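Work through the three exercises below with the model open. Each task is followed by a stepwise solution.

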Amino acid sequence: MANVVSVERVTLTLGTTKVLDDLSLGVLTGERIGMVGRNGGGKTSLLHVLAQELSHRGTVLVSTTTHIMRPPQYPFVQTPEELAAALA
């Protein structure tokens, strides 16, 4: 299987804060991923980098058939059942 998203040695600095530091990752065809982390940990910033909305150092390659979804900052589900239905 081929990577539909490839991130190599990405560094993102916002102001004086290094948000992403030498990050590398790959997402294979057919995979679904999610990110979990503390507030201010860089999750949303990474999505903006993947969508080519923030300037950064490093390489980001996203397949033309891949869609980067950026959900709202507020939860859209309230129960585990609603989350399962949203991911189905």
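**Exercise 1.** Which residues are buried in helix H1 (residues 43-50)? Find what they pack against.

*Solution.* The model is predicted.
- Step 1. Apply the cut-off: buried means under 20% relative accessible area.
- Step 2. In H1, the buried residues are Ser45, Leu46, Leu47, Val49 and Leu50.
- Step 3. Look for their partners. These H1 residues pack against strands E1 (3-14), E2 (17-28) and E3 (57-62).
- Step 4. Get the orientation. H1 lies across E1, E2 and E3, and runs at about 120° to E1.
- Step 5. Check the residue that follows. After H1 comes Gln52, with a positive phi near 60°.

**Exercise 2.** In what order do the three strands form the open sheet? Identify the edges.

*Solution.*
- Step 1. The order is E2-E1-E3, with antiparallel pairing.
- Step 2. E2 and E3 each have a single partner strand, so they stand at the edges, and one side of each lacks a neighbour in the sheet.
- Step 3. On average, neighbouring strands are turned by 15° against each other, direction ignored.
- Step 4. Take the E1 and E2 pair. Eight bridges join these antiparallel strands. Val10 stands opposite Leu23 in E2.

**Exercise 3.** Is Thr11 buried or exposed? Describe its surroundings.

*Solution.*
- Step 1. Locate the residue: Thr11 is in strand E1.
- Step 2. Its relative accessible area is 8%, so Thr11 is buried.
- Step 3. List contacts, leaving out residues up to four places away in sequence. Thr11 touches Lys18, Leu20, Asp21, Asp22, His56 and Arg57.
- Step 4. Examine Asp22. Its backbone nitrogen lies 3.1 Å from a polar atom of the Thr11 side chain.

Conventions
Residues numbered from 1 in each chain as written. Predicted model: local features only at pLDDT ≥ 70, side-chain atom pairs only at ≥ 80, totals over all residues. Heavy atoms only, no water. Buried < 20%, exposed > 50% of the residue type's maximum accessible area, 1.4 Å probe, protein only. Helix = DSSP H or I, 4+ residues; strand = E, 2+ residues; numbered from the N terminus. Contact = heavy atoms within 4.5 Å. Pairing = 2+ DSSP bridges. Axes fitted to C-alpha atoms, helices over the stretch in contact; angles between N-to-C directions. Polar contact = N/O pair within 3.5 Å; in protein donor to acceptor, adjacent residues only side chain to side chain.
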